[in-house]
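Please open the structure in a viewer and keep the selection panel at hand. The tour below proceeds from the whole chain to individual side chains.

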Amino acid sequence: MKLTLKGGEVREFENGLSVSEIAKEISMGLYRNACACRINGEVKDLRTVVEEDCELEIVTFDDADGKHAFNHTASHIMAQAVKRLYPDVKLTIGPAIDNGFYYDFDCGDKPFGPEDLEKLEAEMKKIVKEGSELEKFELSPKEAVKLMEEKNEPYKIELINEHAEKGENISFYKQGEFTELCAGPHLMTVSPVKAFKLTQTTGAYWRGDAKNKMLCRVYGTAFPKASMLEEYLQMLEEAKKRDHRKIGKDLELFTIMEEGPGFPFFLPKGMTLKNTLVDYWREIHREAGYYEIQTPMMLNRALWERSGHWDHYKDNMYTTVIDDTDFAVKPMNCPGGILVYKTKMRSYKDLPLRMGELGLVHRHELSGALHGLMRVRCFTQDDAHIFMTREQIKDEIKGVVKLIDEVYSTFGFEYHIELSTKPEDSMGAQEDWDIATDALKAAITELGYDFEINEGDGAFYGPKLDFHLTDCIGRTWQCGTIQLDFQLPERFELEYTGSDGAKHRPIMIHRVVFGSIERFIGILTEHFAGAFPTWLASVQIKMLPIADRHLDRIYEIKKQLEAAGLRVEVDDRSEKIGFKIRSAQLEKVPYMVIVGDKDIENNTISIRSRKEGEIGAMKVQDFITAIVEEIEEKEF
């Protein structure tokens, strides 16, 4: 059989070899490091036997799919350790996640504590040293239930029964004495999982439903090398220092109150930061030819049924009844934008029509998923919808990509792009999906960008490009997105008059740059550790009189600074100057202006910079000129 390997190389192998055996024939290094594979783009186990010509990629820990298989195996090792040390604990589910894995256990009335995690880690090390191979086997649903009954695993039986209707065999993985219900893929043996750490325990409801039993969730992370684990743990420590929830409280930016879990309150300084971002958003969108609109926060059920959200998204929507009619608080802005398009007849001369909206949307998130500004129940989505002809698709996508690049570069973020393709719950014809997907690929390829394929993760109405930015400690955040949509214009019967005088259907782009302004503020807070660049800082200059007799001069200068558009505060407390300087440093203010007898005598001000420390004496106007230029350039 002929296999097309990564990079396009074609090699011949005997029929009936497993991917693991193929890896060994290619090189022993690849064999030792292989974690999983992709056959014709589909992620598979290394145990998979290849019988015919195909495209084959063998992936290692450096690949997201390889890392997933590695972490998934680590979760099984942890579950095996739990059953050895605590045999009465019941197993539920244990998936791999972006930065590791977790497993939910029914521990009865005694959830795991720190001392339990230490014991589990020690047992996991023993299991890895044993070096058991993972063996995959399948059973009929009836046999699978019997096996789990023998092991007294009620949650596994529930999962098996849900799949029994399909009549398909149920797959298991076995390592040593431990057998786990699982679809895989997994490593060939437990031996590569050399470095791991169980990081925390939390509560989690079975199936994420508060009506179900509270389980104990244990999080962990795993790596092939101890040095990689150490680097990751150092990153976690740095992340704790940068936690936007703590910094947001210390800098008086925002708060979350028990009266509104998941609904953030922005305080005056936080609103200054938020409005600065909004002003920047408006500026770049005006320059890019967007019109700003605003649509209602609540619209009736008929609209959401027509858009498809009622069928695909109802569980995440807040609903109410007005005048005997069902209404929903909008979880997305797009249906409102479509109604704006329909307010009058459109011509091909009107297209492309770019409409932006800073829309407040509400989505019901489970309480356990809420996290500061990163996961909330209401947020401002910096949405825009572009209506265009088919001929304009590629150029409009390019325009949005360039806009996103400009924004992320302004904040110093690097990023990568993922192309998410048709999901299982999609709507619309395959032909439209193919055209839309090809258009996205062509646009970013022509711009010279690399991209990864994220199979099956598109929106229900179209494929999308997702922009994952990387912060200063290496974490990635999905923010910007470009979604190409043939479906909603069809559902809402949108039209424009073409140059031929006939009616045509426009194509629609949904796109965000920040994603959620609230979440973007959380990301920026952690990226800069609260030390925002001057143009973003809520307080740009802190004015510090050395003694009360210098206050009159301080307030004169304050007026000059504010007249230049600068954000200024005066620390007029009767404290020593060293104390005031330390306070300003804790508040992470970019600049301090200090005024004493010598400054008044020389008609100067003394400047301290957050970045450079003491700068020295300057004329007021020279300082204003330098700071205004720094702000206009958006230096960071």
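What percentage of the 636 residues in the chain do buried residues make up? In this predicted model, the buried share is 52%.

**The whole chain**

Begin with the chain displayed as a cartoon. It has 20 helices and 35 strands. Taken along the principal axes, the C-alpha atoms fill a box of roughly 90 × 75 × 60 Å. Among contacts between residues at least 6 apart in sequence, 69% join residues at least 24 apart.

**The largest nonpolar core**

Next, select I397, Y408, F411, L484 and F520. The largest nonpolar core comprises 77 residues, and these five touch the most other members. Helix α13 gives the most to this core, with eight residues. Now centre the view on I397 and display its surroundings. Leaving aside residues up to four places away in sequence, I397 touches A439, L440, A443, L465, I482, L484 and I509. For the second core, which is separate and holds 40 residues, select L134, Y173, L187 and L229, which are among its members.

**Aromatic pairs**

Colour the aromatic side chains. The count of aromatic pairs comes to 23. One of them is formed by Y103 and F105, whose rings are stacked, at 4.6 Å centre to centre and with 15° between the planes. Both Y103 and F105 are buried.

Move then to F413 and F520, an edge-to-face pair with 6.2 Å centre to centre and 70° between the planes. This pair links distant parts of the chain, 107 residues apart: F413 lies in the loop between α13 (393–410) and β24 (414–420), whereas F520 belongs to helix α16 (residues 517–527). Why do F413 and F520 count as buried? The cut-off for buried is under 20% relative accessible area; F413 counts as buried because its relative accessibility is 5%, and F520 because its value is 0%.

Extend the selection to Y280, F411, F514 and W535. Together with F413 and F520, these residues form one aromatic cluster. While W535 is in view, add K634: its charged end sits over the ring of W535, 5.2 Å from the ring centre.

**Helix α12**

Select residues 334–341, which make up helix α12. Which residues of α12 are buried? They are C334, P335, G336, G337, I338 and Y341. Because six of its eight residues are buried, α12 is largely enclosed by the rest of the structure. At Y341, display R346 as well; the charged end of R346 sits over the ring of Y341, 5.3 Å from its centre.

**A three-stranded sheet**

Finally, select strands β19, β21 and β20. They form an open sheet in the order β19-β21-β20, with antiparallel pairing. The edges are occupied by β19 (298–300) and β20 (319–322); each has a single partner strand, so one side of each is left without a neighbour in the sheet. Neighbouring strands of this sheet are turned by 35° against each other on average, direction ignored. In general, the strands of a sheet pair through backbone hydrogen bonds. To inspect the pairing here, display β20 with β21 (residues 325–329): four bridges join these antiparallel strands. As an end point, select V321 and its bridge partner in β21, D326.

How values were computed. Residues numbered from 1 in each chain as written. Predicted model: local features only at pLDDT ≥ 70, side-chain atom pairs only at ≥ 80, totals over all residues. Heavy atoms only, no water. Buried < 20%, exposed > 50% of the residue type's maximum accessible area, 1.4 Å probe, protein only. Helix = DSSP H or I, 4+ residues; strand = E, 2+ residues; numbered from the N terminus. Phe/Tyr/Trp six-rings, centres within 6.5 Å; stacked < 30°, edge-to-face > 60°. Lys NZ or Arg CZ within 6 Å of the ring centre and 35° of its normal. Pairing = 2+ DSSP bridges. Axes fitted to C-alpha atoms, helices over the stretch in contact; angles between N-to-C directions. Core = buried A, V, L, I, M, F, W, Y, C linked by side-chain atoms within 4.5 Å. Contact = heavy atoms within 4.5 Å.
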